[in-house]
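Grab a coffee and work through these exercises with the model open beside you. Try each task before you read its solution.

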Amino acid sequence: MTKKRKNILIHPNRIEDLDKTRAELRKKAIKPQATGYSSICRIRNTRWRRDIIFKADFIAEKLKSMTFMVFHPIGEEKTMMLQPVPPEWINRTSVCHVQHRFLGKHRRFAFKAKLDRVPEPCEILRQCGIDPLAQGYTFMLEEWEIMDDVMGKIPAYKLIPLNALW
């Protein structure tokens, strides 16, 4: 007779049963739904620039915290998503910070975020099915409502490849 192992996680102040936590999350889970909002961004991957640039209206309307993370959804091929997060998450994960570009109010893409953290631009391009050595690519940001384990129901933006810059 074999005894079933329990998946537990020991925190400094408590012990968490991971099987029970996963079962509760599955009950509350919702299917991702497209909201219909979209914008565009560009990823630049050159020797001097490794960043993502955004339009000002996207930052003003959707990315008010000026911080985000890029992730690959489990079980989906050739997909990367961008999720706005609170700045406090800097201690938990790799968070990108958005900042104004020089003379940004006179440019189509007024804000930028350096992609010097995980994932790097070449990894984002590879996960989207694009040559990782591409120097730049334009993406459509399509808004989806997803269920996050920590924050609940939140918007996330799917990176959909449009065309190469060079």
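A pocket here is an open set of grid points with protein on both sides within 12 Å along at least five of seven lines, and its volume is the space filled by probe spheres set on those points. Keep in mind that this is a predicted model.

**Exercise 1. Get your bearings: list the helices and strands of the protein chain in order, then describe its overall extent.**

Solution.
- Step 1: Count the elements; you should find three helices and ten strands.
- Step 2: Walk from the N terminus, and the order reads β-β-α-β-β-α-β-β-β-β-α-β-β.
- Step 3: Check the extent: the C-alpha trace spans about 70 × 30 × 30 Å along its principal axes.
- Step 4: Look at burial. The chain has 166 residues, and 37% of them count as buried.
- Step 5: Finish with the surface, which comes to about 11100 Å², with 52% of it belonging to carbon and sulfur atoms.

**Exercise 2. Find the second largest pocket and work out which class of residue dominates its lining.**

Solution.
- Step 1: Note the volume, about 160 Å³.
- Step 2: Pick out the lining: Arg44, Trp48, Arg49, Arg50, Asp51, Arg101, Arg107, Lys112, Lys114 and Asp116.
- Step 3: Ask which elements give two or more residues to this lining; they are strand 4 (50-54) and strand 8 (111-114).
- Step 4: Sort by class. You get nine charged residues, one nonpolar and no polar ones, so charged is your answer, given that Asp, Glu, Lys and Arg count as charged.

**Exercise 3. Now do the same for the largest pocket: where does its lining come from, and what is its make-up?**

Solution.
- Step 1: The volume of the largest pocket is about 690 Å³.
- Step 2: Of its 20 lining residues, Pro32, Ile74, Ile146, Met147 and Asp149 are the closest to the centre.
- Step 3: Trace the lining back to the fold. Helix 1 (18-28), strand 5 (67-71), strand 6 (81-84), strand 9 (136-148) and strand 10 (152-164) each supply at least two residues.
- Step 4: Strand 9 gives the largest share, four residues.
- Step 5: By class, the lining holds twelve nonpolar, three polar and five charged residues.

**Exercise 4. Take the salt bridge between Glu120 and Arg50: what does it tie together, and are its partners buried or exposed, or something in between?**

Solution.
- Step 1: The closest N and O atoms of Glu120 and Arg50 are 3.3 Å apart.
- Step 2: Glu120 sits in the loop between strand 8 and helix 3 (121-127), while Arg50 is in strand 4, so the pair links parts that are 70 residues apart in sequence.
- Step 3: For accessibility, buried means under 20% and exposed over 50%. Glu120, at 33%, is therefore partly exposed, and Arg50, at 34%, is partly exposed as well.
- Step 4: Look back at Exercise 2, and you'll see Arg50 listed in the lining of the second largest pocket.

**Exercise 5. The structure holds five salt bridges; compare the settings of Glu123–Arg126 and Arg14–Glu16.**

Solution.
- Step 1: In Glu123–Arg126, the closest N and O atoms are 2.9 Å apart.
- Step 2: Both of these residues lie in helix 3, three residues apart, or about one turn of the helix.
- Step 3: Glu123 is partly exposed at 27%, and Arg126 is partly exposed at 44%.
- Step 4: In Arg14–Glu16, the closest N and O atoms are 3.9 Å apart.
- Step 5: Here Arg14 is partly exposed at 44%, whereas Glu16, at 16%, counts as buried.

Methods:
Residues are numbered from 1 along each chain as its sequence is written. This is a predicted model: local features need pLDDT of at least 70, side-chain atom pairs count only at pLDDT 80 or more; totals for chains, interfaces and linings use all residues. Side-chain values use heavy atoms; hydrogens and water are left out. On a 1 Å grid over the protein atoms alone, a cavity is a set of points where a 1.4 Å probe fits but cannot get out, and a pocket is an open set with protein on both sides within 12 Å along at least five of seven lines; lining residues have an atom within 4 Å of a point. A salt bridge is a side-chain nitrogen of Lys or Arg within 4 Å of a carboxyl oxygen of Asp or Glu. Buried means under 20% relative accessible area, exposed over 50%, partly exposed in between (1.4 Å probe, protein chains only). Accessible areas come from the Shrake-Rupley method with a 1.4 Å probe; for residues, only the protein chains shown count as cover.
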